[in-house]
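This report describes the strands, the core, the ligand surroundings and some single residues of one structure. The sequence and the model come first.

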Amino acid sequence: MRRFYQESWQGIPFTKISHLSFFHLAGSKFYSTFYEEMFARYSSWEALPLEWRENKRCSAEWLLERIRQHRAELGAKDGEPYRVLSIGCGVGYMEKLLLDALPEIELYVNEPSTVGLKWLRSYLPADHVYIGDPLTIPGDVYYHMIYLSAVDYAISTRHLVRLLENLRAQLESSGTVLCLSSSFLQEDSIIGSFVNAMKIFIRGILHYLSVRPQQFWGWRRTRKDYNQLFKQAGFFSLSDGFIEKAPETYWISGK
Ligand SMILES: C[S@@+](CC[C@H](N)C(=O)[O-])C[C@H]1O[C@@H](n2cnc3c(N)ncnc32)[C@H](O)[C@@H]1O
């Protein structure tokens, strides 16, 4: 596992929106300010960078295939709703694609602050939107699929284990939790970690000299890290791999 830093996202330099911290993760206030700036620049999902949209489309199509397969396995029983929960949905582009393709699914979303949901809000009933810490999501609904897409990087291992445990308790008996990672770390050797520590040290100096301010963005994790996380959270029957059409996206699922 390795810490990583970010200076901009979606073409928006962070120095334009906030004070940057080298040691503290970006919190919900940071993401809210970021999304406000993003909505000032982009008028709709379709205006967002093409490469980003294509990447999300591949992940959404991959999820759709899994949902279709799972529903077929369940025998699409007596019209029982298929409930999906997305944790940290951001601006909700993947969720819009899921709903466009399968409007009959019951989609629920979570995001730490309400700001990012400007475009998605009208697609969902108000009681399908959970704002705040995902640990506070009401426990009275059970889901067939819960996914976190490009969210785990922003959560420490301790919190992630707790979150995964909680999400597991909110699964239907046949349900799955899926983590889609855009911050996959291929390998974590001692030499690699040492070189990374040196780079972080230099970044720290540049940050504090205000030459290149950086925001501590989270952690990159290896396959071993993800497997351990899921096992620690009590999952069994783990599977993992890479999304074929978006090979930089790693996925892991557990029951
Ligand atoms: C890179 S965006 C990914 C958004 C979306 N899931 C996607 O794939 O495009 C990361 C999102 O995670 C949210 N986030 C950060 N920390 C979180 C946490 N502890 N719990 C839930 N969501 C979090 C952020 O607000 C942000 O919208």
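Asp240 has Ile252 of β11 standing opposite. In this predicted model, Phe242 likewise has a bridge partner in β11, namely Tyr250. The strands concerned, β10 and β11 (residues 246-254), run antiparallel and are joined by five bridges. The connection from β10 to β11 is a hairpin of two residues.

Both strands belong to an open sheet of seven strands with mixed pairing, in the order β6-β5-β4-β7-β8-β11-β10. The edges are taken by β6 (129-131) and β10 (239-243). Because each of these has a single partner strand, one side of each has no neighbour in the sheet. On average, neighbouring strands of the sheet are turned by 20° against each other, direction ignored.

Helix α2 (residues 50-73) lies across several strands: β4 (83-87), β7, β8 (171-181), β10 and β11. Relative to β7, helix α2 runs at about 165°.

The nonpolar core comes next. In soluble globular proteins, nonpolar side chains tend to be buried together. Here the largest nonpolar core comprises 46 residues, and Ile146 and Leu164 have the most contacts inside it. The element that gives the most to this core is β7, with five residues. Leu164 is in contact with Val177, Leu229, Phe230 and Ala233, leaving aside neighbours within four places in sequence.

Which residues are closest to the ligand? They are Tyr31, Gly88, Gly90, Ser149 and Ala154, out of 16 residues that surround the ligand. By class, this shell consists of ten nonpolar, four polar and two charged residues.

Two residues stand out by their backbone angles. Most residues other than glycine have a negative phi. Gln10 is not a glycine, yet has a positive phi of about 55°. Ala150 also has a positive phi, near 55°, and is a residue other than glycine. Gln10 is found in the loop between β2 (8-9) and β3 (12-13), while Ala150 is found in the loop between β7 (143-149) and α4 (157-168).

Arg220 is placed in strand β9 (residues 215-220). Arg220 and Arg2 are 218 residues apart in sequence, but their C-alpha atoms are 5.1 Å apart in space. Not counting residues up to four places away in sequence, Arg220 touches Met1, Arg2, Phe4, Tyr153, Ser183, Phe184 and Leu185.

The table lists the surroundings of Gln10, Ala150 and Arg220, counted as other C-beta atoms within 10 Å.

| Residue | C-beta neighbours within 10 Å | Class |
|---|---|---|
| Gln10 | 14 C-beta atoms | partly exposed |
| Ala150 | 18 C-beta atoms | partly exposed |
| Arg220 | 19 C-beta atoms | partly exposed |

Why does Arg220 count as partly exposed? A residue is buried if 20 or more other C-beta atoms lie within 10 Å of its own, and exposed if 12 or fewer do. Arg220 has 19 such atoms, so it falls in between. Gln10, with 14, is partly exposed because its count also lies between these limits. Ala150, with 18, is partly exposed because of the limits just given.

Key:
Residues numbered from 1 in each chain as written. Predicted model: local features only at pLDDT ≥ 70, side-chain atom pairs only at ≥ 80, totals over all residues. Near = placed C-beta within 6 Å. Nonpolar A, V, L, I, M, F, W, Y, C, P; charged D, E, K, R; others polar. Helix = DSSP H or I, 4+ residues; strand = E, 2+ residues; numbered from the N terminus. Core = buried A, V, L, I, M, F, W, Y, C linked by C-beta atoms within 7 Å. Contact = placed C-beta atoms within 7 Å. Pairing = 2+ DSSP bridges. Axes fitted to C-alpha atoms, helices over the stretch in contact; angles between N-to-C directions.
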